[in-house]
Amino acid sequence: MSHRRKSIGFRLTLLFAVVSTVILVVLGMLTGKTVQQHFVEQDIELLTGDLHRIGRVLEKVRGSADLPALLAPLEDTLAGHQGLVMLVRDADDRILYASAGVRFPPGLLERGAVSTPPRPLSWRQDAAHQARPMRGVAALLPTGVAAQPPLLVAVALDITHHEHFMVSFQRTLWLFVAAAAVSAGALGWLVVRRGLAPLHAIRHGAAGVSATRLHFRLSPGSIPVELAELADTLNAMFARLEDSFQRLKEFSSDLAHELRTPISNLLTQTQVVLSRARSVDEYQEVLVSNVEELERMARMVGDMLFLAQADNGLVVPRRETVDLAQQVRELFDYFDALAENKSLRLSLSGSGEVLGDTLMLRRSLANLLSNAIRHTPVGGRVAVRIDTTQGSTVLAVENTGEPIPAEKLTRVFERFYRADPSHHRGGEGAGLGLAITRAIIRAHGGEISARSGSDGTSF
């Protein structure tokens, strides 16, 4: 079963909204707790102050007869605080004074539970069929009678208005948090959409790349720093595509041109032969000529298949010890007759061994020697020099003759390219030798280069 993929914009928006909501919820909880704690501290401060006032009144008691007389002004003191109630008990738990209609919880009136400073206790007081929230404290306060145990005094405050305020505050706070979370999500969507605009531009630009629009490049100045590496990578990819496509076009054109000539020769020659009756010797001569052209085409096709495999990393040479000097001497024997016809001097200096495929390396050396002999004037010299230093082996094939112009030297390793077009005909090959040589050398992890000057040419 396929699942619908979520876009980056949706994921970033959702993440932004979730993070913002969590932050707002935590902030709302901390704010509500802080406000609630503020009311608790405010109530404790008020109740503690009342206990101090009550304590000063009780210090004036000199006997049992003084207590009723002092409680009356105490009642007046409490009357100034709306919702404040009080209870006074002696050591025998007799109630000496209690505000009307108030029942303190037993946990607040236990002498053993009284602490210093007073610990607040909250409860709900039933009154007129509704529960009033109360908060109170208790303390043991001494009287002016030295022998009399301290009285237990409990004071409490009706916190209904605090509770109503907190309910209203919490409602407003959470409505604000919800609205802020929705706004944060919407704002996050806008920000993400704007932030991803360069990616959309990249996508639209890349979608427009075609065989006729390979020159497209992304403008680094219009792309954020975070996407600069992506833009550079895409630009490099477009450049490689353009270069590969251009080389493919040139290769296709060159291949068609190279195959057209022998095919045309075969077709023309065959048509001429078939135009009238011929002798057996004439037919045989034509067939021999056709075989030569077909062999040339077969070599060209084989070379192109080899280069196609090399371009895709499919040429994997064997690893065996190859004596370069021995291979060069054997090739000298092979080309001896050709060199003798042009009165060329062949020489070898140095020696070296490498790990590689003997047949491949021999083929690359044969290509280099064949080119050198073919382009060396009569009476010239072809020299092979082998140097081995610090684990690196350099083999150079040098020949005397006219230098290759710099603009042509940079292209000698291209397929079907000939620095001297005059050698195109006459069985001189299809212009793939140096391209094959470079492919073989690179498959072995090496590199090949060329230089040419007044003293000759060296590969």
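## Phe 169 and the aromatic cluster

Phe 169, with a relative accessibility of 21%, counts as partly exposed, because the buried class takes in residues under 20% relative accessible area. The model in which this residue is seen is a predicted one, and every value given here is computed from that model.

Phe 169 can be followed to its ring partners. Phe 165 and Phe 169 both belong to helix α4, where they sit four residues apart, about one turn of the helix. The ring centres of Phe 165 and Phe 169 are 6.0 Å apart and their planes meet at 15°, so this pair counts as stacked, the angle being under the 30 degrees that sets the stacked class. Phe 165 itself is partly exposed, at 41% relative accessible area.

Phe 165 also has a partner in another helix. Phe 39 lies in helix α1 (residues 8-58) and Phe 165 in helix α4 (residues 160-195), so their pairing ties together parts of the chain that are 126 residues apart in sequence. Here the ring centres are 5.4 Å apart and the planes stand at 85°, so the pair is edge-to-face. Phe 39, at 12% relative accessibility, counts as buried. Ring pairs thus join Phe 39, Phe 165 and Phe 169 into a cluster, and the structure as a whole holds five aromatic pairs.

The wider chain gives the setting for this cluster. Its secondary structure comes to 12 helices and 12 strands, and 35% of its 459 residues count as buried. Among contacts between residues at least 6 apart in sequence, 66% join residues at least 24 apart. The accessible surface comes to about 28000 Å², with 59% of it belonging to carbon and sulfur atoms.

The nonpolar interior can be described next. The largest nonpolar core has 39 residues, and those with the most contacts inside it are Phe 306, Leu 307, Leu 369, Val 384 and Leu 432. Two or more residues of this core come from each of α7 (280-311), α8 (324-334), α10 (358-375), β9 (381-389) and α12 (433-443), and the largest share, eight residues, is given by α10. Val 384 shows how such contacts reach across the sequence: leaving aside neighbours within four places, Val 384 is in contact with Val 328, Phe 332, Ser 347, Leu 348, Ser 349, Leu 369, Leu 395, Ala 396 and Val 397. Apart from this core lies another, of 16 residues, which includes Leu 58, Leu 84, Met 86 and Tyr 97.

Terms used:
Residues numbered from 1 in each chain as written. Predicted model: local features only at pLDDT ≥ 70, side-chain atom pairs only at ≥ 80, totals over all residues. Heavy atoms only, no water. Buried < 20%, exposed > 50% of the residue type's maximum accessible area, 1.4 Å probe, protein only. Contact = heavy atoms within 4.5 Å. Areas by Shrake-Rupley, 256 points an atom, 1.4 Å probe, with all protein chains shown as cover. Core = buried A, V, L, I, M, F, W, Y, C linked by side-chain atoms within 4.5 Å. Phe/Tyr/Trp six-rings, centres within 6.5 Å; stacked < 30°, edge-to-face > 60°.
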